[in-house]
Amino acid sequence: MSEFSLRGFEVSEFESRTARLQKVMHEQKVDAVLFTTEPNVRYFSGFFTQFWHSPTRPWFLIVPLEGKPIAVIPEIGATGMAATWIDDIRTWASPCPEDDGISLVAKAMNDLPKKYGRVGATLGIESYLRMPTNNFLELRDKVESEFVDVALAIHNLRQIKSAAEINKTRQICRITNQAFDLIPNYAKTGMTEREICKQFRIDMLSAGADECPYIIAGSGPDGYDSIIMGPTDRALNDGDVLIIDTGAVRDGYFSDFDRNWAFGSASEETLAAYRATWEATTKGFEAAKPGNTTTDIYNAMWSVLEAAGALGNDVGRIGHGLGMELTERPSHTASDNTLLVPGMVLTLEPGMNYAPGKQMVHEENIVITEDGAEWLTERAAPEMIIIK
């Protein structure tokens, strides 16, 4: 079986993740951590299903201070969870509005040894609970320990990727690059953003992507003014600039990068903005090394954009973490200051407003290594491609 074909992880991957978390739990003085969201449940269990798209049922995973995680899940998922490394699986017939797993979760947590009298949940920054608020309030009353926020600790743990995780990101980046490279072969004036993105999605799926849940497009005369909307039925005309930004998935891991093209021609102002964002990416890559911070990356990229006459940046950050989710912590901002360590998978996403109503955004994916960084994407051309 080829490396490209390998799916999932060895049990040792989940054992390592759990051990790392339990070390953090000792440091944070918590006896257990409760997970309710798909990425966190999957990260520690390997339970990988599309059924999370149904909002009807809650799902729970408890990681104790010692030993393996405990799954408390609807009966419909029992066989799927049994196929993972988890062997303590407690179920109920859900949906059950009068008690949708809350008593089972409370009992499981109350039965655990109480060294610290505290249990953790993702209650804070860039996190949420995937359960009804009323149910959480009831659970908090039933559990004998105090609930505390461990969101940042979980972010910090997950942002250091294993070699197996990095390889999955490398694979989906390669697939996405292949599909991007085909766009100049078929895109032409008269086609709509939606038509181009449809073929782009087909090409990614044909090349091995499992799904392409995030494909945006923006276009306009010699520039675009949004990078989170579309694609629309707007037809491309001579003199237009098009951006496509995508997050495609293979085996549960995302790529996240974009490409820009001009149709027929582009002004020198727009071409210069493209060169500036490309050069900013170069400088960001050079700053992306262990011991530096996300703010060092930000400063390296923003200094290039500022020197090129940037009027501002409406995005709020110029890069972020990447992995099981399209965007993860940290963020490249002027104040984030997250320390860079080997294994962090990041995007470099310099963007600038270079004229009223015109943005230029460029994005690549990298991984921090022991002595610098490695490109996970094949870089865009240093000059904007003009489709004739």
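**Salt bridges, pockets and a buried helix**

Lysine 168 and aspartate 251 are joined by a salt bridge in which the closest N and O atoms are 2.5 Å apart. The structure described here is a predicted model. This pair links distant parts of the chain, since lysine 168 belongs to helix H7 and aspartate 251 to the loop between strand E8 (240–250) and strand E9 (253–254), 83 residues apart. Lysine 168 has a relative accessible area of 6% and is therefore buried. Aspartate 251, at 8% relative accessibility, also counts as buried.

A search of the whole structure finds 22 salt bridges. One of these joins the side chains of glutamate 126 and arginine 329, at 3.5 Å from N to O. Glutamate 126 is placed in the loop between strand E5 (118–121) and helix H5 (133–142), and arginine 329 in strand E12, so this salt bridge ties together parts that are 203 residues apart in sequence. Glutamate 126 has a relative accessibility of 46% and counts as partly exposed, whereas arginine 329 is buried, with a relative accessible area of 13%. Another salt bridge is formed by the side chains of aspartate 240 and arginine 234, with an N to O distance of 2.8 Å. Here aspartate 240 counts as buried, at 1% relative accessibility, while arginine 234 is partly exposed, with a relative accessible area of 26%. In addition, Arg158, Lys161, Glu325 and Glu328 are linked in a network of salt bridges.

Lysine 168 is also a contact of phenylalanine 9. Phenylalanine 9 is found in the segment before H1. With a relative accessible area of 22%, phenylalanine 9 is partly exposed, because buried means under 20%. When its neighbours within four places in sequence are left aside, phenylalanine 9 is in contact with Phe14, Arg17, Ala164, Glu165, Lys168 and Tyr253. Phenylalanine 9 and glutamate 165 are 156 residues apart along the chain, yet their C-alpha atoms are separated by 8.7 Å.

Phenylalanine 9 also takes part in the lining of the second largest pocket. That pocket holds about 280 Å³ of space. Its lining consists of 17 residues, and those nearest its centre are Gly8, Phe9, Phe14, Gly46 and Phe48. Helix H1 (11–28) and H2 are the elements that give two or more residues to this lining. Sorted by class, the lining of the second largest pocket has nine nonpolar, four polar and four charged residues.

Helix H2 is largely enclosed by the rest of the structure, because eight of its eight residues are buried. These residues are Glu38, Pro39, Asn40, Val41, Arg42, Tyr43, Phe44 and Ser45. The cover over the buried residues of H2 includes H1, strand E1 (32–35), strand E2 (60–64), helix H3 (78–82), H6 and helix H7 (163–186). Just after H2, glycine 46 takes a positive phi of about 90°. Glycine 46 is one of the residues nearest the centre of the second largest pocket.

The largest pocket contains about 880 Å³ of space. It is lined by 31 residues, of which Glu38, Pro39, Arg42, Met324 and Glu325 are the closest to its centre. Two or more residues of the lining come from each of helix H2 (38–45), helix H6 (151–158), strand E7 (211–221) and strand E12 (328–331). By class, the lining of the largest pocket divides into ten nonpolar, eleven polar and ten charged residues. Glu325, close to the centre of this pocket, is also a member of the salt-bridge network with Arg158, Lys161 and Glu328.

The structure also holds one cavity of 30 Å³ or more. The volume of the largest cavity is about 40 Å³. Its lining is made up of Asp31, Ala32, Met109, Leu112, Pro113, Lys114, Val119 and Ser145. Five of these residues are nonpolar, one is polar and two are charged.

An unreviewed UniProt entry carries the annotation "domain: Peptidase M24" for residues 168–370. In the model, this span is 33% helix and 27% strand, and its end C-alpha atoms lie 19 Å apart.

Note on methods
Residues numbered from 1 in each chain as written. Predicted model: local features only at pLDDT ≥ 70, side-chain atom pairs only at ≥ 80, totals over all residues. Heavy atoms only, no water. UniProt positions renumbered as here; feature names shortened; annotations may be inferred. Helix = DSSP H or I, 4+ residues; strand = E, 2+ residues; numbered from the N terminus. 1 Å grid on protein atoms, 1.4 Å probe; cavity = no way out; pocket = protein on both sides within 12 Å on 5 of 7 lines; lining within 4 Å. Points joined across faces, edges and corners; volume = space filled by probe spheres on them. Nonpolar A, V, L, I, M, F, W, Y, C, P; charged D, E, K, R; others polar. Buried < 20%, exposed > 50% of the residue type's maximum accessible area, 1.4 Å probe, protein only. Contact = heavy atoms within 4.5 Å. Salt bridge = Lys/Arg side-chain N within 4 Å of Asp/Glu carboxyl O.
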